[in-house]
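Please find below a colleague's note on the model under review. The sequence and structure are shown first, for reference.

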Amino acid sequence: MEQELKIDDINDLIQRRIEELNELQKMKITPYQYSFDVNAFSSDIKNDFEKFEGKNVKIAGRIMALRRMGKASFAHIQDIKGRIQFYLKQDEIGEENYKIFKLSDIGDIVGVCGKVFKTKTGEISVHSDSYTLLAKSIRPIPIAKEVVDENGNKTIFDQFVDKELRYRQRYVDLIVNPEIKDIFIKRSKIITELRSFLNSKNYLEAETPVLQPIYGGAAARPFVTHHNTLDMTLYLRIADELYLKRLIVGGFDGVYEISKDFRNEGIDRTHNPEFTMLELYVAYRDYFWMMELVEEMINNICIKVFGTTEFEIEGKKINFKAPWQRISMTDEIQKITGLDVLKANENEIIKILKSKNVELTGKENKGKLIDLLFEATIQPNLIQPTFIIDYPLEISPLAKKHRKKEGLVERFEGFVMGREICNAFSELNDPIDQRSRFEEQKKLGDEGDEEAHQIDDDFVRALEYGMPPTAGLGLGIDRFVMLLTNQPSIRDVIFFPQMRNL
């Protein structure tokens, strides 16, 4: 059973804290200090007690528990590394300092100086000889409290568990559910190791425009804005691809960007309108080489950040160790359905899709129908890391035609737990073919496909100067972090996910 404070209760608590704030100001106490010289952290003290025992330390953090006992009191503060108790007595810190402490509340940020010791019960603590209020908390934080009745039944009060509220008020979530900090610390380390790995290969980290006059590099709807001075429509980028490949044309052999991209599409457990992508392009390579690089890169990150390539994700044991399984999309569809989709007509594919209750708009080309059939019959079963290779030409306008298989391109996507985490091509570098593909996409756009690729004349012009054979990769960092930290939603690995207005 869970009970929440009512709005009137919260307003009363806020009013009481404002009164305490006024009392502090009457005492000429500054309730919002400028700095505090921290020199120790909770877990360091507790993990290396022998080193710290009897030593003076300066710790700071947020009060998370209070136990006042007349002229002596205990409290717990929470810093970036955990929690630790401190003890203080009025006759040791002085009457005024002790009054400041008595005007403190759970949620206040304080600084404590004193010696490290163990209490009679064996709890490592700091015996305070000075106490400083650093920031007064006006709004009470929802600290969970347990009450056990005579029958042993537990009632939890003020528990901050509502998912949507946690996303909206991430600052509160981080305070009262400090274990989620570890998810974001690991996210940061994953990106750091990703960057370190690519830098070790001597690839150049580049920055490309967020505001673009022509959006491209993916099949997605863009966000639209307007530049007043230039009096022109601009788009938030949906991908970095076309600008990074311009740099390959310009003579760089390897470029990458870790960036925010934006797509004006639905929100669900694996999609957020603003997301983080790695895009990488390496000259003189193809998609076979890129598969091996992805395996090496992900193995490196797993070992460096987690110390293992084996993970438990949603109750399943997943191993990212190379080599990953490689499966032809069309061959696997034929194996599962009995239909050779390259030879089949559209009606034959549609018949199977309808038997799988797949909704169709009636505007899908053959390549899209094949992709939908893959999503319905194969993708959900791709649990272990797997490369699906060789995609239909119609849905891959930036990929090179397959060197052996008519109607396909040299493209792969990496899947884990039925989710796509990366997409890669042998990049199309034939400017005549590229313009023809863009024109086909324009026809789709004219017929109502809002995700069709635009014609980018400048990109075609760049290809006309000559782009070497190139392998390209896009890796969805948010989804990758979801997997490695075993989180059910993309919102759990983004500090401030997009939310609907209340």
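The numbered points that follow concern one sheet and two residues of this predicted model.

1. An open sheet is formed by 8 strands, and its pairing is mixed. The strand order is β9-β13-β14-β21-β20-β19-β18-β17. Strands β9 (204-205) and β17 (325-328) stand at the edges; each has a single partner strand, so one side of each is left without a neighbour in the sheet.

2. At the β9 edge, the partner is strand β13 (residues 254-262), and the two strands pair in the parallel sense over 2 bridges. Within this pairing, Glu205 stands opposite Tyr256 in β13.

3. Thr470 lies in strand β21, which covers residues 470-476. β21 stands between β14 and β20 in the sheet order. Thr470 has a relative accessible area of 2%, under the 20% cut-off, and is therefore classed as buried. The Thr470 side chain reaches the backbone oxygen of Pro468 at 2.7 Å. Beyond its neighbours within four places in sequence, Thr470 is in contact with Ile248, Phe425, Ser426 and Glu427, and also with Tyr281, Val282, Ala283, Tyr284 and Arg285.

4. Gln78 belongs to strand β3 (residues 72-79). Is Gln78 buried or exposed? Its relative accessible area is 9%, so Gln78 counts as buried.

5. The side chain of Gln78 makes a polar contact with the side chain of Arg83 at 3.0 Å. The Gln78 side chain also reaches the backbone oxygen of Ile175, at 2.9 Å. Residues up to four places away in sequence being set aside, Gln78 touches several residues, among them Gly61, Arg62, Met64, Leu174, Pro178 and Lys181.

Terms used:
Residues numbered from 1 in each chain as written. Predicted model: local features only at pLDDT ≥ 70, side-chain atom pairs only at ≥ 80, totals over all residues. Heavy atoms only, no water. Helix = DSSP H or I, 4+ residues; strand = E, 2+ residues; numbered from the N terminus. Buried < 20%, exposed > 50% of the residue type's maximum accessible area, 1.4 Å probe, protein only. Polar contact = N/O pair within 3.5 Å; in protein donor to acceptor, adjacent residues only side chain to side chain. Contact = heavy atoms within 4.5 Å. Pairing = 2+ DSSP bridges.
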